[in-house]
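The following exercises concern a single protein chain. Each task is followed by a solution worked out step by step.

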Amino acid sequence: MQRLRSWSSDVVQLDLSPLPPPQPPPSSSNNTPMSTTAISGAGFSIDEEEPTEARIRRLISEHPVIIFSRSSCCMCHVMKKLLATIGVHPTVIELDDHEVASLPPPPAHDSLSSRSPAPAVFIGGTCVGSLESLVALHLSGHLVRKLVEVGALWV
């Protein structure tokens, strides 16, 4: 079911599985067709008929820094803390197991790419990869520059 669930001030769990089609009211005298229902909140707009892959691509393009994670992922927590210490507060989307398969593939250099596609961080629409890739980018001195380039950080 598609619902936005807010777990804390910085995490929004977004269930991207499709909802069942709406049922018409039992004694409706109105013969006008039902419109597509949209859910919006916390900066998100969801069209129920949009495929999961398309939603994920759209969310990636709409947010300068976004993390896709599984529920209760400790690596996602570390990613958020690293970015917060720099001054960036990413959008975090928690995916169900069946939704994780819809994530774009991580970069070839990501050492965890063979194990799991989540958590994955995207900066400026580009997949950085997992926690190891984010830390490597930070240690190389390129993370802050990349965050400034996409407008997620002002220095």
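**Exercise 1. The residue after helix H2**

Task: Identify the residue that follows H2 and state the sign of its phi.

Solution. In this predicted model, H2 is followed by Gly-87. The phi of Gly-87 is positive, near 115°.

**Exercise 2. Length and faces of H2**

Task: Determine whether the span of H2 agrees or disagrees with the rise expected for its residues, and establish where its buried residues fall around the axis.

Solution.
1. Helix H2 covers residues 74-86, which is 13 residues.
2. The expected span is 1.5 Å times one less than the number of residues, so H2 should span 18 Å.
3. The end C-alpha atoms of H2 are 19 Å apart, which agrees with that expectation.
4. Residues under 20% relative accessible area count as buried; in H2 these are Cys-76, Met-79, Lys-80, Leu-82, Leu-83 and Ile-86.
5. Viewed down the axis of H2, the buried residues fall within an arc of 160°, so they line one face of the helix.
6. Cys-74 and Thr-85, on the other side of H2, are exposed.

**Exercise 3. The packing of H2 and H4**

Task: Classify the relative orientation of H2 and H4 from the angle at which their axes cross, and then place Leu-131 with respect to Lys-80.

Solution.
1. Helix H4 comprises residues 131-139, and its axis comes within 10 Å of the axis of H2.
2. The two axes cross at roughly 20°.
3. Angles under 35 degrees count as roughly parallel, and therefore H2 is roughly parallel to H4.
4. The crossing of H2 past H4 is left-handed.
5. Leu-131 belongs to H4. With a relative accessibility of 15%, Leu-131 counts as buried.
6. Leu-131 and Lys-80 are 51 residues apart along the chain, and their C-alpha atoms are separated by 9.9 Å. Lys-80 is itself one of the buried residues of H2.

**Exercise 4. Strand S7 and its partners**

Task: Which strands pair with S7, in what sense, and over how many bridges?

Solution.
1. Strand S7 (residues 120-123) pairs with strand S8 (residues 126-129) in the antiparallel sense, over three bridges.
2. Within this pairing, Ile-123 has Thr-126 as its bridge partner, and Val-121 stands opposite Gly-129.
3. S7 and S8 form a hairpin with two residues between them. Gly-124 lies in the turn and has a positive phi of about 60°.
4. Strand S5 (residues 65-70) also pairs with S7 in the antiparallel sense, here over four bridges.
5. In this second pairing, Val-65 has Ile-123 as its bridge partner, while Ile-67 stands opposite Val-121.
6. As for the side chains of S7, Ala-120 and Phe-122 point one way and Val-121 and Ile-123 the other way, and all are buried.

**Exercise 5. The surroundings of S5**

Task: Is S5 enclosed or open with respect to the rest of the structure, and which strand runs parallel to it?

Solution.
1. Five of the six residues of S5 are buried, so S5 is largely enclosed by the rest of the structure.
2. S5 and strand S6 (residues 91-95) run parallel and are joined by five bridges.
3. Phe-68 of S5 stands opposite Ile-93 in S6.

**Exercise 6. Two residues in the loop between H3 and S7**

Task: Decide whether Ser-102 and Leu-103 are buried or exposed, and give a C-alpha separation for Ser-102 and for Leu-103.

Solution.
1. Ser-102 lies in the loop between helix H3 (97-100) and S7, and Leu-103 is also placed in the loop between H3 and S7.
2. The cut-off for burial is under 20% relative accessible area. Ser-102 has 14% and is therefore buried.
3. Leu-103 has a relative accessibility of 7%, so Leu-103 counts as buried.
4. Ser-102 and Pro-51, which are 51 residues apart in sequence, are 9.7 Å apart from C-alpha to C-alpha.
5. Leu-103 and Pro-119 are 16 residues apart along the chain, with their C-alpha atoms separated by 9.9 Å.

**Exercise 7. The chain as a whole**

Task: How many helices and strands does the chain have, and what pattern do they follow along the sequence?

Solution. The chain has five helices and eight strands. Along the sequence the pattern is β-β-β-β-α-β-α-β-α-β-β-α-α. Of its 155 residues, 43% count as buried.

Note on methods:
Residues are numbered from 1 along each chain as its sequence is written. This is a predicted model: local features need pLDDT of at least 70, side-chain atom pairs count only at pLDDT 80 or more; totals for chains, interfaces and linings use all residues. Side-chain values use heavy atoms; hydrogens and water are left out. Two strands pair if DSSP finds at least two bridges between them. Buried means under 20% relative accessible area, exposed over 50%, partly exposed in between (1.4 Å probe, protein chains only). The arc is that of the directions from the helix axis to the C-beta atoms. Axes are lines fitted to C-alpha atoms, for helices over the stretch in contact, and angles run from 0 to 180 degrees between N-to-C directions. Angles under 35 degrees count as roughly parallel, over 145 as roughly antiparallel, 65 to 115 as roughly perpendicular and the rest as oblique. A crossing is left-handed if the near helix is turned anticlockwise from the far one by less than a right angle, and right-handed if clockwise.
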